[in-house]
Amino acid sequence: MKKLVIGNLKMNILSPDERDRYLAWLKKELAGKKNNDSEIILCPPFVHMEAFKKWNNKKIHLGAQNMFSETKGSYTGEISPVMLKNLGCEYVILGHSERRRYFGESNGSINLKIASALKNGLKPILCVGETREEKENERTLGVITNQVKEALLGVKRAKAEQIILAYEPVWAIGGEKVPTANEIMEAKLLIRKILVDLFGKKYADLVPIIYGGNVNIKTVAGVCVDSGMDGVLIGRESLQPHEFVKIADIINNSCKF
Ligand code: PEP
């Protein structure tokens with residue numbers, strides 16, 4: 001299994017000029033790099049998806065930051081999985097804590113999106129994780145259990161290998177702290193156990209479990225390498241191509257299977 005380095009550009013890069021500067025900078029940083037043991041996935045805002053695709057850098061795969069569960073019709077402002085697929089997008093982040101918090105997404109609505117993504121040939125990157133309050137109340141494991149079970153309800157085991165699970169403690173996202181390697185390993189073990197219950201061991205083992213939340217060049221060894229994760233989901237640092245590519249390099253060079 002290749003390690004995954006996923007960049008979530010969120011609602012940034014505000015103009016075509018800024019996008020072109022970003023892509024030119026990224027191209028410079030990627031020049032001459034080998035990432036044989038990892039896969040880099042970038043999730044730009046929808047409006048830049050086509051330009052990222054036309055940029056056509058073979059080292060980069062494309063993901064979306066969200067989608068709707070329906071494929072077509074009167075759903076003003078929504079984006080269809082088929083639209084994404086037709087633009088060359090392969091992945092879609094679903095259940096990000098910012099979607100849950102600001103847009104009221106529930107495990108139920110995320111479940112519909114997961115089913116639709118899989119049906120329409122997109123690989124869902126399902127985000128789960130506890131808030132600070134839930135952590136303080138020792139509810140971390142219960143919260144993760146519900147999020148994974150409810151979001152994956154009804155998914156067939158044959159589809160398991162299309163799914164990526166991202167453990168993203170909400171309190172670490174955009175913050176200064178990260179969990180200890182032990183805390184991350186505990187979350188990973190729990191997620192793996194739930195996946196085994198849902199799909200059986202053979203299929204559960206095909207699901208990469210990655211970490212997200214304040215990943216940078218200083219934290220990446222602890223949150224990915226030491227804790228045996230299958231990759232990272234990166235917010236802020238993906239906006240800085242030199243930092244993003246350095247993180248990808250660290251993961252590519254040090255994560256051995
Ligand atoms: C995120 O929002 O998914 C994320 C990981 O953000 P950051 O890297 O900025 O903490």
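Here is a short conversation about a predicted model, covering its ligand, its hollow spaces and a few single residues.

Reader: Hello! Which residues are around the ligand?

Author: Welcome! This model is predicted, and a good place to start is the shell of residues around the ligand. By class, that shell has 3 nonpolar, 5 polar and 4 charged residues. By name, the residues around the ligand are Lys 10, His 96, Glu 98, Glu 168, Ile 173, Gly 174, Gly 213, Asn 214, Leu 233, Ile 234, Gly 235 and Arg 236.

Reader: How many Å separate a polar side-chain atom of Glu 168 from an oxygen atom of the ligand?

Author: Glu 168 is one of the residues around the ligand. A polar contact is a pair of N or O atoms within 3.5 Å. The distance from a polar side-chain atom of Glu 168 to a ligand oxygen is 2.8 Å.

Reader: What are the distances from backbone atoms of Gly 174 and Gly 235 to oxygen atoms of the ligand?

Author: Both glycines are listed among the residues around the ligand. For Gly 174, a backbone N or O atom lies 2.7 Å from a ligand oxygen. For Gly 235, a polar backbone atom and a ligand oxygen are separated by 2.8 Å.

Reader: What share of the ligand's exposed area does the protein bury?

Author: Polar contacts to the ligand include the one from the backbone of Gly 235, at 2.8 Å. Taken alone, the ligand exposes 290 Å². Of that area, the protein buries 99%.

Reader: Is Asn 214 buried or exposed?

Author: Asn 214 sits in the loop between strand 7 (209-212) and helix 10 (220-225). A polar atom of its side chain lies 3.4 Å from the backbone oxygen of Lys 177. The relative accessibility of Asn 214 is 10%, and buried means under 20%, so Asn 214 counts as buried.

Reader: Where is Lys 10 found?

Author: Lys 10 is another of the residues around the ligand. Its phi is near 50°, a positive value in a residue other than glycine. As for its place, Lys 10 is in the loop between strand 1 (3-8) and helix 1.

Reader: Is Ile 13 buried or exposed?

Author: Ile 13 is in the loop between strand 1 and helix 1. Its phi is near 65°, a positive value in a residue other than glycine. With a relative accessibility of 6%, under the 20% limit, Ile 13 therefore counts as buried.

Reader: Now for the hollow spaces. Which helix gives the largest share of the lining of the largest cavity?

Author: A search of the whole structure finds 1 cavity of 30 Å³ or more. The largest cavity has a volume of about 50 Å³, and its lining includes Leu 30, Lys 59 and Val 245. By class, the lining divides into 4 nonpolar, 2 polar and 4 charged residues. The largest share, 4 residues, comes from helix 11 (residues 241-254).

Reader: And which residues lie nearest the centre of the largest pocket?

Author: The largest pocket holds about 510 Å³ of space. Its lining divides into 9 nonpolar, 5 polar and 4 charged residues, and helix 4 (residues 97-103) gives the largest share of that lining, 4 residues. Of the 18 lining residues, those nearest the centre are Met 11, Gln 65, Asn 66, Arg 99 and Phe 103.

Reader: Why does Ala 31 count as exposed?

Author: Ala 31 is in the loop between helix 1 (16-30) and strand 2 (38-43). Its C-alpha atom is separated by 24 Å from that of Asn 12, 19 residues apart along the chain. Exposed means over 50% relative accessible area. Ala 31 counts as exposed because its relative accessibility is 55%.

Reader: How far apart in space are Ile 60 and Ser 254, C-alpha to C-alpha?

Author: Ile 60 is found in strand 3 (residues 60-64), and at 12% relative accessibility Ile 60 counts as buried. Along the sequence, Ile 60 and Ser 254 are 194 residues apart. In space, C-alpha to C-alpha, the two are separated by 20 Å.

Reader: One last thing: which residue's backbone nitrogen does the side chain of Glu 183 reach?

Author: Glu 183 lies in helix 8 (residues 181-199), and at 30% relative accessibility Glu 183 counts as partly exposed. Its C-alpha atom is 9.6 Å from that of Val 223, 40 residues apart in sequence. At 2.9 Å, the side chain of Glu 183 reaches the backbone nitrogen of Thr 180.

Conventions
Residues are numbered from 1 along each chain as its sequence is written. This is a predicted model: local features need pLDDT of at least 70, side-chain atom pairs count only at pLDDT 80 or more; totals for chains, interfaces and linings use all residues. Side-chain values use heavy atoms; hydrogens and water are left out. A residue is near a molecule or strand if one of its heavy atoms lies within 4 Å of it. A polar contact is a pair of N or O atoms within 3.5 Å; within protein, one must be able to donate a hydrogen and the other to accept it, and residues adjacent in sequence count only if both atoms are side-chain atoms. Accessible areas come from the Shrake-Rupley method with a 1.4 Å probe; for residues, only the protein chains shown count as cover. Ala, Val, Leu, Ile, Met, Phe, Trp, Tyr, Cys and Pro count as nonpolar, Asp, Glu, Lys and Arg as charged, and the others, Gly among them, as polar. On a 1 Å grid over the protein atoms alone, a cavity is a set of points where a 1.4 Å probe fits but cannot get out, and a pocket is an open set with protein on both sides within 12 Å along at least five of seven lines; lining residues have an atom within 4 Å of a point. Grid points are joined across faces, edges and corners, and a volume is the space filled by probe spheres set on the points. Helices (H or I, at least four residues) and strands (E, at least two) are DSSP runs, numbered from the N terminus. Buried means under 20% relative accessible area, exposed over 50%, partly exposed in between (1.4 Å probe, protein chains only).
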